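Here are a few friendly notes to read alongside the model. Keep the structure open and find each residue as you go.

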Amino acid sequence: LWVVDYLLKEGYEVIGTVRSQEKADKLTKQFGPSAKLSFEIVPDISNINSFDHVFEKRAKEIDIVIHTASPFHYNTTEYEKDLLIPAVNGTKGILNSIKKYGSQTVKRLVVTSPYAAILDPSKMPDKSVVFTEKSWNPATWESAQLNVSNAYRGSKKFAEKTAWDFLEENKGSVSFKLTTVN
């Protein structure tokens, strides 16, 4: 919501995605009616094609994508279903939709990725360690199945790596620049 608020105050047109019409109505009420704010419904980001209709309909209007959606909760024991797959598929889905419908218009993709993507908890006691954009947490898909903390950190790492890997694999098909903010 802070991102949307800032963008609107700076004069940008914002096309937001929400999971339901009720959420869109709530946010419209919160931000007030504005010709610069509209919403598209994306009920389930874990569906790999969930963003297709948004880009098919509105790609000509979109030159910057800010991807902030990813599961953030600890209320599960089904780590793969509730955290890992939705995080990865949400990222894959938006990237594939950009490639299919917005490869000529989207110039930049910004992915918010928490510190959890780069944090190695075993190195935290060592005050000389500096985590940078070259750092990755040590989670594997298997270790992310052990507990909810590992699953959360793993989901963030795998989602961000998905974005970087996609860009590398699709150099000739997409021209947008990728920025991740931890």
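1. Start at the surface of this predicted model: Val-3, Tyr-12, Ile-64 and Ile-66 form a nonpolar patch with about 330 Å² of accessible area together. Patch members have over 30% relative accessible area and no salt bridge, with nonpolar side chains (Val, Leu, Ile, Met, Phe, Trp, Tyr) joined within 5 Å and like charges within 9 Å. A salt bridge puts a side-chain nitrogen of Lys or Arg within 4 Å of a carboxyl oxygen of Asp or Glu. Areas come from the Shrake-Rupley method with a 1.4 Å probe, and for residues only the protein chains shown count as cover.

2. Tyr-12 lies in the loop between helix H1 (2–9) and E1. Helices (H or I, at least four residues) and strands (E, at least two) are DSSP runs, numbered from the N terminus. With a relative accessible area of 44%, Tyr-12 is partly exposed (buried is under 20%, exposed over 50%, partly exposed in between; 1.4 Å probe, protein chains only).

3. Next, strand E1 (residues 14–18): Val-14, Gly-16 and Val-18 make up its covered face, Ile-15 and Thr-17 its uncovered one. E1 pairs with strand E2 (residues 37–41) in the parallel sense over 5 bridges (pairing needs at least two DSSP bridges). Glu-40 in E2 is the bridge partner of Thr-17.

4. On confidence, the protein chain averages a pLDDT of 93 (the predictor's confidence in each residue, from 0 to 100).

5. Residues are numbered from 1 along each chain as its sequence is written, and side-chain values use heavy atoms, leaving out hydrogens and water. Local features need pLDDT of at least 70 and side-chain atom pairs 80 or more, while totals for chains, interfaces and linings use all residues.
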